[in-house]
Amino acid sequence: MKVLITGITGMAGSHLAEYLLHSGQSEVHGVLRWRSNRENIASFENDLQLHECELRDPFAVAGLLHKLRPERIYHLASQSSVAVSFVSPRETLVNNVTAQLNILEAMRSLRLEETRLLTAGSSEEYGMVEAHELPVKESTPLRPLSPYAVSKVTQDALAYQYHRSYGLYVVRTRAFNHTGPRRSDVFVTSNFARQIAEIEAGLRDPVIRVGNLEAKRDFSDIRDVVRAYVLALEQGEAGEVYNIGSGKPHSISKVLEMLLGMSRCVIRIEQDPSRMRPSDIPVLVADTEKFRRKTGW
């Protein structure tokens, strides 16, 4: 099976590629930019077929899909940091929405009816969830609270519209927080870990700088999440949306406590105003019954 992964050099993309290669059933192609850091795929890059493509360029995307005609597309490329989206809202929206629109348009114009597309949405789409709405179901209203979340809601709506209007086989997912090896340090778990490691190495004072520690999030291991992506595309229904998460909330303070418990250093905690968001979601925890019932994940 010929598989195309956008964002293959990222955490999720690299783990998905590795998982598919180990399955032995896929010819794995990946999209990257000439300046992409290939560290995450370095150990198995020779087993991949990589293609430079600017996803914001509709002609480049159409040309690539015309050449490859993949049977499966996992669209994971995006500007994925909520914090960065507040600093660069325009770039976030242009990157995330345009890239997916170009893929959908190319699939439509090339009549890739047999191709299946997975769109990687986010729990951030739900935004301001009320206490009585927890755990979050796929039917919970979307009330996005960041430019990143707005971009993901738009991607979600585009995928649904192209399925209904043109019959494209698109499966939508909304993954809750995930972490693991290769996580960029712009995200909370790896940022804390990096600060602690630098303190242990004597590279910074024994002070860890934090944002909102009261928020509660639903964390999963990225290796479980990419397995869920494959199940969603193989067993999920076209046009449907599925939550992917652990169903267990953990406060950011608890995550920090766990990491500090692994260190022998005495470390002081300081809140950093620059790490606080203009708006934040108190609690996000997934109801994954729909997905588990459909796939057994």
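Leaving aside neighbours within four places in sequence, which residues is Ile208 in contact with? Select Ile208 and look around: Phe192, Gln195, Ile196, Ile199, Leu256, Ile267, Arg268, Ile269 and Glu270 are in contact with Ile208, where contact means heavy atoms within 4.5 Å.

Before going on, a word on what you have loaded: this is a predicted model, in which local features need pLDDT of at least 70 and side-chain atom pairs count only at pLDDT 80 or more, while totals for chains, interfaces and linings use all residues. Residues are numbered from 1 along each chain as its sequence is written, and side-chain values use heavy atoms, with hydrogens and water left out.

**Stop 1: Ile208 and its strand**

Ile208 sits in strand β8; helices (H or I, at least four residues) and strands (E, at least two) are DSSP runs, numbered from the N terminus. Its relative accessibility is 0%, so Ile208 counts as buried (buried is under 20% relative accessible area, exposed over 50%, partly exposed in between, with a 1.4 Å probe and protein chains only). Now pick the C-alpha atoms of Ile208 and Leu260: they are 52 residues apart along the chain and 9.7 Å apart in space.

**Stop 2: helix α6**

Next, select residues 188-200, which is helix α6. With 13 residues at 1.5 Å each, α6 should span 18 Å, and its end C-alpha atoms are indeed 18 Å apart; the expected span is 1.5 Å times one less than the number of residues. Colour the buried residues of α6: Thr189, Ser190, Asn191, Phe192, Gln195, Ile196 and Ile199. They pack against β7 (178-179), β8 (207-210) and α8 (252-260). Step just past α6 and you hit Gly202, with a positive phi of about 75 degrees.

**Stop 3: backbone oddities**

Go to Arg182, in the loop between β7 and α6. Arg182 is not a glycine, yet its phi is positive, near 80 degrees. At 28% relative accessibility, Arg182 counts as partly exposed.

Then jump to Arg69, in the loop between α2 (58-68) and β4 (72-75). Here phi is near 45 degrees, again positive in a residue other than glycine, and with 41% relative accessibility Arg69 counts as partly exposed.

For a peptide bond to check, go from Leu134 to Pro135: the bond is cis, with omega near -10 degrees. Pro135 is in the loop between β5 (116-122) and α5.

**Stop 4: α4 on α5**

Show residues 89-109 (α4) and 147-166 (α5), whose axes come within 9 Å and cross at roughly 15 degrees. Axes are lines fitted to C-alpha atoms, for helices over the stretch in contact, and angles run from 0 to 180 degrees between N-to-C directions. That makes α4 roughly parallel to α5 (under 35 degrees is roughly parallel, over 145 roughly antiparallel, 65 to 115 roughly perpendicular and the rest oblique). Among the residues making the contact are Leu93, Val97 and Leu101 of α4, and Val150, Thr154 and Leu158 of α5. By class, this contact of α4 with α5 has 12 nonpolar, six polar and three charged residues; Ala, Val, Leu, Ile, Met, Phe, Trp, Tyr, Cys and Pro count as nonpolar, Asp, Glu, Lys and Arg as charged, and the others, Gly among them, as polar.

**Stop 5: α1 on α7**

Finally, select α1 (residues 11-23) and α7 (residues 222-235): their axes come within 9 Å and cross at roughly 65 degrees. The two helices are therefore roughly perpendicular to each other. Met11, Ala12, His15, Leu16, Tyr19 and Leu20 in α1 meet Ile222, Arg223, Val226, Arg227 and Val230 in α7. Those residues divide into eight nonpolar, one polar and two charged.
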